[in-house]
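Below are some comments on the model, set out as numbered points for a colleague who will be working from the coordinates. They move from charged pairs to the interior and then to individual residues.

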Amino acid sequence: MAGEPQDDCLFCKIVAGRIPATIVRETGTTVAFRDINPQAPTHVLVIPKVHHRDAAALAAAEPAIAADVLRETQAVADDEKLESYRVVFNTGSGAGQTVWHAHAHVLGGRGLEWPPG
């Protein structure tokens, strides 16, 4: 069921403490941790503690928690002392989503080209 932890979800396991991660921030509704395959000098994932398939599903079901995720991206950027950064929500496999739990990527610490990809 949406919102409930999923036994087969990598990020649900990180939230539960069953898989280790380098956690940089945690709130009552979110966890932020370093990406294991960083694409920039700073690459932190911010996830909701509740399980929703992607950012669109999270925003539709729990807009306040979606706002918490976005607010935490700014907190991560502040903690990492990033003057500029990119926030990315991949939605769907064609956009590069590989973990089916809503999450935001905070990328910074180098110049980021536009358009991406």
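**Notes on the predicted model**

1. Asp-68 has a relative accessible area of 18% and is therefore buried, in what is, it should be said at the outset, a predicted model. The residue forms a salt bridge with Arg-71, in which the closest N and O atoms are 2.5 Å apart. Both Asp-68 and Arg-71 belong to helix 3, where they are three residues apart, or about one turn of the helix.

2. The count of salt bridges comes to five, and a general remark may help in reading them: side chains of opposite charge can pair when their charged atoms come close. Lys-49 forms a salt bridge with Glu-26, with 2.9 Å between the closest N and O atoms. Since Lys-49 sits in the loop between strand 3 and helix 2 while Glu-26 sits in strand 1 (residues 23-26), this pair ties together parts that are 23 residues apart in sequence. Lys-49 is partly exposed at 26% relative accessibility, and Glu-26 is likewise classed as partly exposed, at 48%.

3. Arg-34 forms a salt bridge with Glu-80, and here the closest N and O atoms are 2.7 Å apart. Because Arg-34 lies in strand 2 and Glu-80 in the loop between helix 3 and strand 4, the pair ties together parts that are 46 residues apart in sequence. Arg-34 is partly exposed, with a relative accessible area of 32%, and Glu-80 counts as partly exposed at 23%. Elsewhere, Arg-25, Glu-72 and Asp-79 are linked in a network of salt bridges.

4. Turning to the interior, the largest nonpolar core has 13 residues, and those with the most contacts inside it are Ala-32, Val-44, Val-46, Leu-58, Val-69, Val-76 and Val-106. At least two residues of this core come from each of strand 3, helix 3 (63-79) and strand 5 (104-108), and helix 3 gives the most, with five residues. A second, separate core consists of nine residues, among them Phe-11, Val-31, Leu-45 and Val-99.

5. What does Val-46 touch, once its neighbours within four places in sequence are left aside? Its contacts are Thr-30, Val-31, Ala-32, Val-69, Glu-72, Thr-73, Val-76, His-103, Ala-104 and Val-106. Of these, Glu-72 also takes part in the salt-bridge network with Arg-25 and Asp-79.

6. The cysteines deserve a separate comment, as the count of disulfides comes to zero. Cys-9 is in no disulfide, and the nearest cysteine sulfur is that of Cys-12. The two sulfur atoms are 3.6 Å apart, which is too far for a bond, given that a disulfide requires sulfur atoms within 2.5 Å. Cys-9, at 6% relative accessibility, counts as buried, and Cys-12 is buried with a relative accessible area of 7%.

7. His-101 is found in the loop between strand 4 (85-88) and strand 5, and with a relative accessible area of 0% this residue is buried. Neighbours within four places in sequence aside, His-101 is in contact with Cys-9, Phe-11, Cys-12, Ile-47, Pro-48, Val-50, His-51, His-52 and Arg-53, a list that includes both of the cysteines discussed above.

8. Is His-52 buried or exposed? At 4% relative accessibility, His-52 counts as buried, and its place is in the loop between strand 3 (42-48) and helix 2 (55-61). The side chain of His-52 makes a polar contact with the side chain of Glu-62, at 2.8 Å. Apart from neighbours within four places in sequence, His-52 is in contact with Ala-2, Gly-3, Ala-57, Leu-58, Ala-61, Glu-62, Trp-100, His-101 and Ala-102.

9. Asp-35 occupies the loop between strand 2 (30-34) and strand 3, and is buried, with a relative accessible area of 15%. Its side chain reaches the backbone nitrogen of Asn-37 at 2.6 Å. When neighbours within four places in sequence are left aside, Asp-35 is in contact with His-43, Val-44, Leu-45 and His-105. As for distances along the chain, the C-alpha atoms of Asp-35 and Ala-77 are separated by 14 Å, the two residues being 42 residues apart along the chain.

Notes:
Residues numbered from 1 in each chain as written. Predicted model: local features only at pLDDT ≥ 70, side-chain atom pairs only at ≥ 80, totals over all residues. Heavy atoms only, no water. Helix = DSSP H or I, 4+ residues; strand = E, 2+ residues; numbered from the N terminus. Buried < 20%, exposed > 50% of the residue type's maximum accessible area, 1.4 Å probe, protein only. Polar contact = N/O pair within 3.5 Å; in protein donor to acceptor, adjacent residues only side chain to side chain. Contact = heavy atoms within 4.5 Å. Core = buried A, V, L, I, M, F, W, Y, C linked by side-chain atoms within 4.5 Å. Salt bridge = Lys/Arg side-chain N within 4 Å of Asp/Glu carboxyl O.
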